[in-house]
Amino acid sequence: MDTSQKKILIVGASMGGLRAAEQLRSAGWDGAIEVIGDEIHPPYNRPPLSKEILTDEAMDTAAALGKLAFRLKRSMADVSITTGNGAVAADLAAGTVTLADGSEKAYDGLVVATGIRPRRLDIPDAAGGRHVVRTIEDSLALRAKLVPGARVAVIGAGFIGCEVAATAIQNGCSVTLIEGGKGPMHRPLGATVAAAFRKRLQDRGITCLEGAHAAGFEVASSEGQQLAAVLLHDGRRIEADVVIEAIGSIPNTEWLAGNGLDLTDGVLTDQHLRVIGAENVVAVGDIARYPDPRWAAEARRVEHWATPGDTAKTAARSLLSQLAGGQAPEPCRALPNFWSDQFGLRITGMGAPALAEDHRVLEGDLADIDAGVAVGYYAGQRLVGFLSAGLSAKRVLELRAELEAAPVPA
Ligand SMILES: Cc1cc2nc3c(=O)[nH]c(=O)nc-3n(C[C@H](O)[C@H](O)[C@H](O)COP(=O)(O)OP(=O)(O)OC[C@H]3O[C@@H](n4cnc5c(N)ncnc54)[C@H](O)[C@@H]3O)c2cc1C
């Protein structure tokens, strides 16, 4: 195929967009690649936003970018990256995307890499005290508030909520974790493991409120938006100067509306990351909802750092084979995996623990997580995931190899 006059447009200039461009080049695409992003920054790494960026008083935008911006590979030299001008609409039948400034981009192939944004509580008031953590700006605005003595309420006890709670108390704040569900990281890890992590957070001074939901905010003065307290559904009042809403995410799909795609939760693709219902369009990263043949389960999104790279490998090859009218490559079979750092402990998860019906402690004791634990997750007799904490990198790799080798039902 003569690609010299053809163009692939990548919408989303973060990790997924960057990895897609790299993979297109490494798969042999020598036509034009244009990456479009709505943030004003070049692509940067997000995990430190809920960890070290929140601890450094001297941190500003330039310093944060210095730490977080991805170094561009040599193969990216002629890839155009436009920031601060996101996509607002697309006509996939015509092969065009409209940007915020009104300009239109035509493409031969399209990569959807617009990720997710934090879900917000549907409660008015106290805008001045309410925070989320997704961007450099979010993290720097929050860091300025996480000062010694600040009363912090974290709403939502997923990984990001737990990380921010741990960081805030280490900064000298008092911290209440309003869990919402059945315990820290309960949804992916299950009740027993969640209870052990709750105890670990409590032992370090965090007040954990099980099954509590925020129902309102009290402001400090009638005209002000300064926060005074979080009001819980059961009438309790939690005094707070700062609130972090960590209650999940919303995929950034609005710009794709009107094209007949399944945008129920992200962008539905087949197992080759090809967007279902469109020609020459693939999706990567947090926004892609794809079926993993390993689990023989429904398509799902995987919001982990490894996902943009893993999905980009398959998506780039799928797109190029579609453009050339060839066969689809192998399905994406990368093992989902994530890590979280809390109070100096590295927690890693792999596989699909959320699909398990049962879990068993295989190594160590949940009463002493810091001494090292491994938990196996099972759907019936089948091993579907591992959680480890405090284990050596070598041991984590061994667990990973064991899970990779676990039999897949026919
Ligand atoms: C605070 C934080 C901590 C994390 N920590 C960990 C961790 O410890 N371990 C782990 O495994 N994972 C972690 N993650 C998850 C990991 O960072 C994500 O999975 C990864 O960033 C996903 O990359 P992405 O490119 O798919 O999506 P995103 O990073 O969301 O990038 C999407 C980009 O597209 C842009 N965009 C949106 N709409 C448009 C539009 N219409 N036009 C153009 N651009 C648009 C967005 O602004 C953004 O720049 C963390 C995430 C966060 C936010």
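**Exercise 1. Determine which ligand atoms make polar contacts with methionine 15, aspartate 38 and alanine 87, and how far the ligand is covered.**

Solution. Step 1: take a polar contact as a pair of N or O atoms within 3.5 Å. A polar backbone atom of methionine 15 lies 3.4 Å from an oxygen atom of the ligand. For aspartate 38, an N or O atom in the side chain is 2.6 Å from a ligand oxygen atom. At alanine 87, a polar backbone atom is 2.9 Å from a nitrogen atom of the ligand.

Step 2: consider the cover. On its own the ligand has 1,000 Å² of accessible area, of which the protein covers 94%; such areas come from the Shrake-Rupley method with a 1.4 Å probe.

The model is predicted: local features need pLDDT of at least 70, side-chain atom pairs count only at pLDDT 80 or more, and totals for chains, interfaces and linings use all residues. Residues are numbered from 1 along each chain as its sequence is written, and side-chain values use heavy atoms, with hydrogens and water left out.

**Exercise 2. Describe the shell of residues around the ligand.**

Solution. Step 1: count a residue as near if one of its heavy atoms lies within 4 Å of the ligand. There are 34 residues around the ligand, and Asp38, Glu39, Arg46, Lys51 and Arg134 come nearest.

Step 2: sort by class, with Ala, Val, Leu, Ile, Met, Phe, Trp, Tyr, Cys and Pro as nonpolar, Asp, Glu, Lys and Arg as charged, and the others, Gly among them, as polar. The shell has 15 nonpolar, 11 polar and 8 charged residues.

Step 3: assign domains, whose bounds come from an automatic or database domain assignment. Domain 1 (7–117 + 250–323) and domain 2 (120–247) each give at least three residues to the shell.

**Exercise 3. Locate the second largest pocket and state what lines it.**

Solution. Step 1: on a 1 Å grid over the protein atoms alone, a pocket is an open set of points with protein on both sides within 12 Å along at least five of seven lines, and lining residues have an atom within 4 Å of a point. The second largest pocket holds about 280 Å³ of space, a volume being the space filled by probe spheres set on points joined across faces, edges and corners.

Step 2: its lining has 15 residues, with Ala306, Asn337, Phe338, Trp339 and Arg400 nearest the centre. They divide into 8 nonpolar, 4 polar and 3 charged.

Step 3: because domain 1 (7–117 + 250–323) and domain 3 (344–405) both give residues to this lining, the pocket lies between them.

Methods: Polar contact = N/O pair within 3.5 Å; in protein donor to acceptor, adjacent residues only side chain to side chain. 1 Å grid on protein atoms, 1.4 Å probe; cavity = no way out; pocket = protein on both sides within 12 Å on 5 of 7 lines; lining within 4 Å.
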